[in-house]
Every structure is written in structure tokens, then in C-alpha cells.
Amino acid sequence: MSLQEANQENLEVIINDMAEKLQVVNRSLMDPEDYDLNKYEEIKSLHDIIEMKGSLSVSEIQAFVQELGQYRK
């Protein structure tokens, strides 16, 4: 699946994947409906970084979650 196109379906895939990788317990914070599709490129960039890094430290996880918070509606 190509995630290059900015659409709601791809946004959902990216947000849900990040929720898994960031081990977010409170999934209501990672509801794809709460994220701005206009910020798709920024959110996808974060996803790409998480994919490249593989494992993340606790402080990195917190930083990613905080950064994602900026893209909520």
C-alpha cells in the first residue's frame, strides 16, 4: 500500500501504526479522526522517522507523542 497520497484512509493507517509503535495506551489520543488531513505530510514524516528508527527510547516516544499533538484538530 502506498501512503504517498494524502487521504483519510492513509491517515488512519499511519496514525494507527504509530499508536502501535509508540505503545500508546490511551488510544483516544490517537483517533485518526482527530488529526488534520492538511498536516498529512508532517504526520507522514514522523511516521517515516519512526519506521527508520525501529526501537525507540521512552524519551523519544514522549517526544513523538508530543509532536503529534500539534497536528490534532
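**Notes on a predicted helical model**

1. Let's start with a loop residue: at 61% relative accessibility, Q23 counts as exposed, because the cut-off for that label is over 50%. Please keep in mind while reading that this is a predicted model. Q23 sits in the loop between α1 (8-21) and α2. Its backbone may catch your eye too: Q23 is not a glycine, yet it has a positive phi of about 55°.

2. Staying in that loop, have a look at D34, which also lies between α1 and α2. With a relative accessibility of 26%, D34 counts as partly exposed. Setting aside residues up to four places away in sequence, D34 touches S28, Y71, R72 and K73. With one of these, R72, there is a side-chain to side-chain polar contact of 3.3 Å. For a sense of spacing, D34 and E9 are separated by 25 residues in sequence and by 13 Å in space, C-alpha to C-alpha.

3. Next, the pairing of α1 with α2. The two helices pack at an angle of about 40°, and their axes are 10 Å apart. That angle makes α1 oblique to α2, and the crossing of the two is left-handed. On the α1 side, the contact is made by N10, L11, I14, I15, D17, M18 and K21. On the α2 side, the residues are Y40, I43, K44, L46, H47, I50 and E51.

4. H47 deserves a paragraph of its own. This residue is found in helix α2 (residues 40-53). Is H47 buried or exposed? It is buried, because its relative accessible area is 7% and the cut-off for buried is under 20%. The side chain of H47 makes a polar contact of 2.7 Å with the side chain of D17. Beyond residues up to four places away in sequence, H47 touches L3, I14, D17 and M18. Both D17 and H47 are also listed in the contact between α1 and α2.

5. M18 is a handy residue to click on when you want to see how the pieces meet. Leaving aside neighbours within four places in sequence, M18 is in contact with M30, I43, L46, H47, I50 and L68. M18 is also one of the residues with the most contacts inside the largest nonpolar core.

6. That brings us to the core itself. The largest nonpolar core has 19 residues, and those with the most contacts inside it are I15, M18, L22, M30, Y35, I43 and L68. Each of α1, α2 and α3 (58-69) supplies at least two residues of this core. The largest share, five residues, comes from α1.

7. Now for α2 against α3. Here the packing angle is about 165°, with the axes 11 Å apart. These two helices are therefore roughly antiparallel to each other, and α2 passes α3 in a left-handed crossing. From α2, the contact involves I43, L46, I49, I50 and K53; from α3, the partners are E60, F64, E67 and L68.

8. One last residue to look up is E42, which is in helix α2. E42 is partly exposed, with a relative accessible area of 32%. Measuring from C-alpha to C-alpha in your viewer, you should find E42 and V24 19 Å apart in space, while 18 residues separate them in sequence.

How values were computed
Residues numbered from 1 in each chain as written. Predicted model: local features only at pLDDT ≥ 70, side-chain atom pairs only at ≥ 80, totals over all residues. Heavy atoms only, no water. Helix = DSSP H or I, 4+ residues; strand = E, 2+ residues; numbered from the N terminus. Buried < 20%, exposed > 50% of the residue type's maximum accessible area, 1.4 Å probe, protein only. Polar contact = N/O pair within 3.5 Å; in protein donor to acceptor, adjacent residues only side chain to side chain. Contact = heavy atoms within 4.5 Å. Core = buried A, V, L, I, M, F, W, Y, C linked by side-chain atoms within 4.5 Å. Axes fitted to C-alpha atoms, helices over the stretch in contact; angles between N-to-C directions. Parallel < 35°, antiparallel > 145°, perpendicular 65-115°, else oblique. Left-handed = near helix turned anticlockwise from the far one by under 90°.
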